[in-house]
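User: I am new to this structure and would like to learn how to read its features. Can you take me through them step by step?

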Amino acid sequence: MMVSNMASSTLPWLTLSIFVPIIAGLLVLLVGRDDRPELTRTVALVGAVLGFLVTIPLYTGFDPTTANMQFVEMAPWIETFSINYHLGIDGISLWFVLLTAFITIIVVLAGWQVITSRIAQYMAAFLILSGFMVGVFASLDGMLFYVFFEATLIPMYLIIGVWGGPNRVYAAIKFFLYTLLGSLLLLIAFIYLWWAAGGSFDILEWHALKLSYTPQILIFLALLAAFAVKVPMWPVHTWLPDAHVEAPTGGSVVLAAIMLKLGAYGFLRFSLPITPDASHSLAGMMIALSLVAVIYIGLVAIVQDDMKKLVAYSSVAHMGFVTLGFFVFNAVGVEGAIIQMISHGFVSGAMFLCIGVLYDRLHTREIAAYGGVINVMPRFVTFFVLFSMANAGLPATSGFVGEFTVIMGAVQYNFWIGLLAALALILGASYSLWMLKRVAFGEMTNDNVRGMSDLNSREFFIMGLLAIAVLYMGIYPKPFTDVMHVSVEALLQHVSVSKL
């Protein structure tokens, strides 16, 4: 399955996609100072834009007719342990590289006027984090993947701990500790796979291993410990609301749009292809945990008073659709889950930006503090309605495409599982529209709301970019599915073949 294939290219585009934002972040640290904020922000924005531009050739030069890895780069790194700098992407990972680079531009623009202290460090943290996350999606060496996977924790820990809210230190430490145990088990699993592969960290060689049933179960559970926390799946999701509430707006956007996808991506790149028999055996457990996330966490979201907490819990529910789609083992479900991951990057990022706009003006995230915002911020409410509807899964938005496709895949697997997932859409509509009604419409009960100003040109531009993405993906998802289809089919064919 999925053997390496060197795509014809003159430049190492994946290396550039990783290191252009990292180098830009280091440059921001060198030249940026709080007494020269415009220079600091400009350098950061140029770095983010360049980081996105170097990912475009990955899309334009990608061949969607093959499941082979493309744009492959290979160089020895630590030869003693056969660790290589080995990069490549397929139809599954391509979109996440592009999404990461795109969201980085958004968060740099979002923090343009809001962040007034340690500006260089703030911008640099996001740029360096962007490079690390691209590295996760592009790695074809297990140890290289592990290094990038763990490295992402450091910038996000600083983003929450330095620029976060009153309880930022608690939230940052909780975020770090939750991932620690899972990461140690992930490393143990990787070391075992290195031994089983005859001293190789090549992920594609790991896919070809014929492991017996017991090692498959143990490795699946070890990988689950790491990836479930990142997604996050119920019941290891409790770090997420705290992290979102305390993180600055940009931190919440990246956390929801990209970092949650690292765990879900791990299931596709490691759990399913390396332990196919264990994946089938434990599918019932994974589906049950996913449905709990979709239904129970949806109910939890409804009763939240804090807008950020509500959207944070909705992220857990939406990611439940992702893991559900993975473990129904059909192309409709898996492709729907990947579409849901991409859509969630746009929609959840947009929702947190909307909350950030309100917080910048009134300095509170309590739903009860608002009401009648449409009377003073009509342009903002237009976007807020669109993104809330997308969060609820309204047809013609990206939120509908992913969730509907996952439900169709679940129905193919088992009608009752699909029915339960479909009923959960009602919960998504409930908490999204309930928050929208209380914040945007009705009478202005708070005099402070009367003094709120509508979107400025920078905020309008950011919201406009995300609105275009949400609508385009909702109306015409074919370009997204065409790229991933062959890779998904190859993955499912591989998983369907027993290794025993």
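Analyst: Gladly. Keep in mind that this is a predicted model. Start with a single residue, I154. Buried means under 20% relative accessible area, and exposed means over 50%. I154 is exposed because its relative accessible area is 51%. I154 lies in helix α7.

User: Which residues make the nonpolar surface patch with I154?

Analyst: The partners of I154 are Y157, L158, V162, V169, I173, F176, L177, L180 and L184. The patch covers about 820 Å². Two elements give two or more residues each: α7 (153-163) and α8 (168-196).

User: Which element gives the largest share of the nonpolar patch?

Analyst: That is α8, with six residues. Here is a general idea for reading such helices. An α-helix has 3.6 residues a turn, so residues three or four places apart point the same way.

User: How do I read a helix such as α10? What is its span from first C-alpha to last?

Analyst: Compare the span with the expected one. Helix α10 covers residues 213-230, 18 in number. Its span is 26 Å, close to the 26 Å expected at 1.5 Å a residue. Still, α10 has a kink of about 30 degrees, centred on L224. α10 is also mostly covered, with 13 of its 18 residues buried.

User: What should I look for in backbone geometry?

Analyst: Look for departures from the usual. Most residues other than glycine have a negative phi, and most peptide bonds are trans.

User: Which peptide bonds are cis here?

Analyst: One runs from V231 to P232, with omega near -10 degrees. Another joins W234 and P235, with omega about 10 degrees. P232 is in the loop between α10 and α11 (239-246). P235 lies in that loop too.

User: Where is S82, with its positive phi?

Analyst: S82 sits in the loop between β1 (70-78) and β2 (83-89). Its phi is about 55 degrees, although S82 is not a glycine. S82 is partly exposed, at 33% relative accessibility.

User: And F329: buried or exposed?

Analyst: F329 counts as buried because its relative accessibility is 18%, and the cut-off is under 20%. F329 has a positive phi of about 55 degrees and is not a glycine. F329 is found in the loop between α15 and α16 (331-362).

User: What is Q304 in contact with?

Analyst: Leave aside neighbours within four places in sequence. Q304 then contacts K309, L310, Y313, I367 and R438. Q304 lies in the loop between α14 (283-302) and α15 (307-326). Q304 is buried, at 13% relative accessible area.

Definitions and conventions. Residues numbered from 1 in each chain as written. Predicted model: local features only at pLDDT ≥ 70, side-chain atom pairs only at ≥ 80, totals over all residues. Heavy atoms only, no water. Patch = residues over 30% accessible without salt bridge, like charges linked within 9 Å, V, L, I, M, F, W, Y side chains within 5 Å. Areas by Shrake-Rupley, 256 points an atom, 1.4 Å probe, with all protein chains shown as cover. Salt bridge = Lys/Arg side-chain N within 4 Å of Asp/Glu carboxyl O. Helix = DSSP H or I, 4+ residues; strand = E, 2+ residues; numbered from the N terminus. Buried < 20%, exposed > 50% of the residue type's maximum accessible area, 1.4 Å probe, protein only. Contact = heavy atoms within 4.5 Å. Expected span 1.5 Å × (residues − 1). Bend = angle between axes of the 7 residues up to and from the residue.
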